[in-house]
Amino acid sequence: MGRKSSGKTQHGVATPALAALDAVGVEYRTVTYEHSKRSTEGFGLEAARLTGVAPSLVLKTLLVGEGKNLAVCVLPVDHMLNLNAAAHALGLKKVALVEPQIAERVTGYVVGGISPLGQKRRLPTVIDASVQEAEAVLVSGGRRGLSVNLAPRDLAAATGAVFAAITD
């Protein structure tokens, strides 16, 4: 996977996501690409296309909730979240997707750059089991156009996540 990053991007700016990885000492590599505001394919599929990583290994971060109970679901961009499976994995009766503006406020990131790492507060996190045995996955580095390549087990360790089948 290469050397551990210093947490600095090519522009010399660290994000909370990169700082969180540095704090736990896992190995990762930053990957940057030029995000287009005109893209209609969705942030994750755009990242997959521009980085050359299979969509099944590029992960999106979704916030779900039941009342005040919020949680993070991390899944491949080419999969759909199964809300019932997510609720079961999180030990809740049911969950719904959180509105984008609430997700931004809770995480401290903007939609399209929401990372499961370095959020304002640590929320229960579940990663789709389909990527558990992958050598590496790509997740948002905390900004549109910035991703992090790391082992799924390291992502789980850095976020306190569990693996569970949460997709259709």
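Gly-113 has a relative accessibility of 0% and therefore counts as buried. The model described here is a predicted one. Gly-113 sits in the loop that connects helix 4 (100-107) to strand 5 (125-128). Leaving out residues up to four places away in sequence, Gly-113 touches Ser-140, Gly-142, Arg-143 and Arg-144. For one of these, Gly-142, the C-alpha to C-alpha distance to Gly-113 is 5.0 Å, with the two positions 29 residues apart in sequence numbering.

**Strand 6 and the loop at Gly-113**

Ser-140 belongs to strand 6, which covers residues 137-143. Its relative accessible area is 11%, and because buried means under 20%, Ser-140 is counted as buried. The side chain of Ser-140 has polar partners on the backbone: the oxygen of Gly-113 is reached at 3.0 Å, and the nitrogen of Gly-142 lies 3.1 Å from a polar atom of that side chain. Once neighbours within four places in sequence are set aside, the contacts of Ser-140 are Gly-113, Ile-114, Ser-115 and Pro-116, together with Leu-146, Ser-147 and Val-148.

Arg-143 is also found in strand 6. With a relative accessible area of 31%, Arg-143 is partly exposed. The C-alpha atoms of Arg-143 and Val-111 are 8.9 Å apart in space, while the two residues are 32 apart in sequence.

**Asp-128 in strand 5**

Strand 5 contains Asp-128. Is this residue buried or exposed? Its relative accessibility is 2%, so Asp-128 counts as buried. The side chain of Asp-128 reaches the backbone nitrogen of Ile-166 at 2.9 Å. Ile-166 is also among the residues that Asp-128 touches when those up to four places away in sequence are not counted; the others are Val-74, Leu-75, Pro-76, Phe-163, Ala-164, Ala-165 and Thr-167. Asp-128 and Glu-99 are 29 residues apart along the chain, and their C-alpha atoms are separated by 21 Å.

The polar contacts described in this report that pair a side chain with a backbone atom are set out below, including one at the end of helix 3.

| Side chain | Backbone atom | Distance |
|---|---|---|
| Ser-140 | oxygen of Gly-113 | 3.0 Å |
| Ser-140 | nitrogen of Gly-142 | 3.1 Å |
| Asp-128 | nitrogen of Ile-166 | 2.9 Å |
| Asn-82 | nitrogen of Asn-84 | 3.0 Å |

**Helices 3 and 5**

Helix 3 spans residues 83-90, and its buried residues include Ala-85, Ala-86, Ala-87 and Leu-90. Which strands do the buried residues of helix 3 pack against? They pack against strand 2 (59-66), strand 3 (69-76) and strand 5. The N-terminal end of helix 3 is capped by Asn-82, with a side-chain oxygen 3.0 Å from the backbone nitrogen of Asn-84. Just after helix 3 comes Gly-91, which takes a positive phi of about 75°.

Helix 5 is made up of residues 152-159; six of its eight residues are buried, so the helix is largely enclosed by the rest of the structure. The buried residues are Pro-152, Asp-154, Leu-155, Ala-156, Ala-158 and Thr-159. Gly-160 follows helix 5 and has a positive phi near 70°.

**The chain as a whole**

The secondary structure of the protein consists of five helices and eight strands. Read from the N terminus, the order of the elements is α-β-α-β-β-α-β-α-β-β-β-α-β.

The radius of gyration of the protein is 15 Å, which agrees with the value near 15 Å for a compact globule of 168 residues. Along the principal axes, the C-alpha atoms fill a box of roughly 45 × 35 × 30 Å. Of the 168 residues, 46% count as buried. Taking contacts between residues at least 6 apart in sequence, 60% join residues at least 24 apart.

The exposed area of the protein is about 8600 Å², and carbon and sulfur atoms supply 51% of that area. The protein has 18 positive and 14 negative charges, and the mean positions of the two sets are 9 Å apart.

Terms used. Residues numbered from 1 in each chain as written. Predicted model: local features only at pLDDT ≥ 70, side-chain atom pairs only at ≥ 80, totals over all residues. Heavy atoms only, no water. Helix = DSSP H or I, 4+ residues; strand = E, 2+ residues; numbered from the N terminus. Buried < 20%, exposed > 50% of the residue type's maximum accessible area, 1.4 Å probe, protein only. Polar contact = N/O pair within 3.5 Å; in protein donor to acceptor, adjacent residues only side chain to side chain. Contact = heavy atoms within 4.5 Å. Rg over C-alpha atoms; globule rule 2.2 N^0.38 Å. Areas by Shrake-Rupley, 256 points an atom, 1.4 Å probe, with all protein chains shown as cover. Lys, Arg positive; Asp, Glu negative; His and termini not counted. Charge placed at Lys NZ, Arg CZ, Asp CG, Glu CD.
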